[in-house]
Every structure is written in structure tokens, then in C-alpha cells.
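Biologist: Before we look, could you take me through how the features of a model such as this should be read, one at a time?

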Amino acid sequence: MPRIILSVLMLSIIMLSTNVSMAHPGRTDANGGHTCRTNCAEWGLKDGEYHYHNSDGSITTKPPTDPAPAPSNNEASDELKADAIKTPAKGKLSVYFLNVGQGDATYIKTAGGDDILIDAGKNEAGDIVVSYLKQLGVDDIEIMIATHPDSDHIGGLDTVLGSFKVKAVYAPKVSHTTDTFKDFLLAVKKEGLTIKEAKAGLAVPIKGVTAKFLGPVKTYGDDLNDWSAVLHFTYGTTRFLFTGDAEKKSEDDIIASKRALKADVLKIGHHGSVSSTSAAFLKAVSPKYAIISVGKNSYGHPAATIINRLKTAKVTTFRTDLNGTVTVISDGKKIQFMKVK
Ligand SMILES: [Zn+2]
Ligand SMILES: [Zn+2]
């Protein structure tokens, strides 16, 4: 008898777990959706209602209009697909916040034709960045900036260094023990270059624009994010601020250094993490537009606090995970935005 009780118990456990897994969000049948079995009200559904989980996390009872993602365990390859982007406008400044999934990669083409690259996403984003740059007709890179040694910023730079003639590399004076960082250093050496130190107050010589590092103001020990090279960039009367992953400590030091930091366009620090974009920093920069470079991640980027802070401050915000590559064109007076998605 006890054996029968045990088998009944085990059978019910199996049935229970089957039932639970059937209600798991995202599990789909051949039609791309599934029937809600548990906690339906929590998802805004009726019991037994057939529904779909969209790629942006929302739930609808209609099939998603975007093609359903192919069933794959490889998240990285799903998000690391180069968007089709347009070549730069001649005689204008073009800034591309490239969609590289989780990470940062920003490409700037000046009106004078110079090419600037700030970061190149993760290791596996290197080829995508190279394909973006080729799409855009890049021949060589005058200025490369590695904001800080984290892999989601410098990961793809070695591939870029191997694919284009790079004339100057700037990076903060901090190192890291990872292979990714060593690969970057080796690629710089192979190019026959020595890294120029990015630090607050240093001007970057680029024709027709004013580009100056506002950070790092100090040294930050092991806090790699605060070491980020922060670049202020002016073309005509239009201004941009590229922050890397600088967090509050660095932001406070930048404010205290009293250098001009107002900007029309702000690349939000650290993928919209709550540790960056303090209320004081946002007020000091007072941007009209913000870009969050972010992809699938487990860190909770971007934080709702930051999204709300930007909304309250009436800053128009773009996200590479939702908008794809975000392109900004400046004629020196006016700023124009183009999105891919
Ligand atoms: Zn970082
Ligand atoms: Zn980062």
C-alpha cells in the first residue's frame, strides 16, 4: 500500500510540474502562442485565454506583428544582427548610436569627413561593428576612444583595429586582467600605436569641432565604470555628451570641476543603470535628447527610476534595444533624429 501512495504522490507531482511549465510565460505551441492556465489575471488575461508573448515582453491576444523570434538558446545571436543604416549626410555631422545589443558603440562622422569610434560593444559585436562601418563607407578611423576596460565596451575594438587603419587611440589610464583587455592592448600594439591618456581637460584634435574630455577627473581604483572617458563634443552650436559607464562618483567630480557640460544630446551613462544619471548630473547637462545603449541583460538596465527621471525632465529618450541604431544629424544649428525601427 505505501508503494501505491508513493506512486500516486509522484504522479501528482509530475502532473503539477507539467501544469506549471505549461503556464510558463514564453512557452509556445506550433501556432506561436499558448493557453493561460494559472495566474491569468496577473497577466491581464481570462482563464484559458489564448495569447502571445511578444519579443518586448508584452502580452497580447493577437499574434505579434514582428516575426516571432526563432526558437534558439543563443540570445546573443538573436540580438546581434546589424541594422540596415543610411550613409552619413554630406557636409553635416552624423552620430550613430549603433545597436550592438548590451554594450556601447558610437560612430561619429564629422562634416570634414573624419571618423571617430567610441567603444565597439562586446567581443561578439566586433564583426557587427565592422559591418556597420563598412555599410557607412568608413575607410579609416582618425580617433578611437576606449571609454573603459569593461568587455561590453572594448570587446569589439580588437576586431575593428584589425579591419581598419586606426590613427589614434585614447583610453583612461587604468588596466584590467581580462583576456578581452589584453586582446585590445595587443591589437593597439599591432597597429603600431601607443594609447593616449584620456583624462579631464584634454582636448582631442578634430577639424571643425571642439572635443574635450570631461572625465575621468580623478583616479577611481577598481571602479572601472567611474574611470570612463567622458567626451564633450561641440559642432556649431549643437552639443553632445558621451559618458561611457560613468557613475555618480565620476558625475559629481565632473560637476565639481566646473567645465562646460551642457549638451543637447546625452548618451546616458552605464546603459540606464540607477548608479548613473543622478538628478544633479541630469540637471547640469540639461539635455533635450537622451540615448540609452542597451540590449538583453540581467542587470535590470535601463532602470525604471532613470526612465522616469528623464520623462519628468521632459527629455526625449531613444533606446537601441527598442529603436535599433539611433542616428543623429547636426547641421551645426539643428539636430535631427533618425531611427531604424
Ligand atoms: Zn562598465
Ligand atoms: Zn557598459
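Biologist: How far apart are the zinc ion (ligand 1) and the zinc ion (ligand 2), and which residue coordinates both?

Modeller: In this predicted model, the two zinc ions, ligand 1 and ligand 2, lie 3.6 Å apart, and the residue that coordinates both is Asp245.

Biologist: Which residues coordinate the zinc ion (ligand 1), and how are they spaced in sequence?

Modeller: His148 donates through NE2, Asn225 through OD1, and Asp150 and Asp245 each through OD, at 2.1 to 2.2 Å from the zinc ion (ligand 1). Along the sequence these donor residues follow the spacing H-x1-D-x74-N-x19-D, and both His148 and Asp150 are buried.

Biologist: Why is the arrangement around the zinc ion (ligand 1) irregular?

Modeller: Four donors count as tetrahedral if all angles lie between 85 and 135 degrees. Around the zinc ion (ligand 1) the four donor atoms subtend angles of 88 to 166°, and the arrangement is therefore irregular.

Biologist: How many cavities of 30 Å³ or more are found, and what lines the second largest cavity?

Modeller: Rolling a probe the size of a water molecule over the atoms shows where empty space is left. Searching the whole structure gives two cavities of 30 Å³ or more, and the second largest has a volume of about 30 Å³. Its lining includes Asp104, Asp119, Phe242 and Lys267, and by class it has two nonpolar, three polar and three charged residues.

Biologist: What pLDDT does the chain average, and where is the pLDDT below 50?

Modeller: The chain averages 86, with 79% of the residues scoring at least 70. The pLDDT is below 50 over residues 8-27, a stretch that has 17 contacts beyond near neighbours in sequence, and it also stays under 50 over residues 65-78, for which the model has six contacts beyond four places in sequence.

Key. Residues are numbered from 1 along each chain as its sequence is written. Chains are lettered from A and ligands numbered from 1 in the order in which they are written. This is a predicted model: local features need pLDDT of at least 70, side-chain atom pairs count only at pLDDT 80 or more; totals for chains, interfaces and linings use all residues. Side-chain values use heavy atoms; hydrogens and water are left out. Donors are N, O and S atoms within 2.8 Å of the metal (3.2 Å for Na, K and Ca); water is not among the atoms, so sites may look incomplete. Four donors count as tetrahedral if all angles lie between 85 and 135 degrees; four count as square planar and six as octahedral if opposite donors are over 155 degrees apart and all others between 65 and 115; anything else is irregular. Buried means under 20% relative accessible area, exposed over 50%, partly exposed in between (1.4 Å probe, protein chains only). On a 1 Å grid over the protein atoms alone, a cavity is a set of points where a 1.4 Å probe fits but cannot get out, and a pocket is an open set with protein on both sides within 12 Å along at least five of seven lines; lining residues have an atom within 4 Å of a point. Grid points are joined across faces, edges and corners, and a volume is the space filled by probe spheres set on the points. Ala, Val, Leu, Ile, Met, Phe, Trp, Tyr, Cys and Pro count as nonpolar, Asp, Glu, Lys and Arg as charged, and the others, Gly among them, as polar. pLDDT is the predictor's confidence in each residue, from 0 to 100. Contact means heavy atoms within 4.5 Å.
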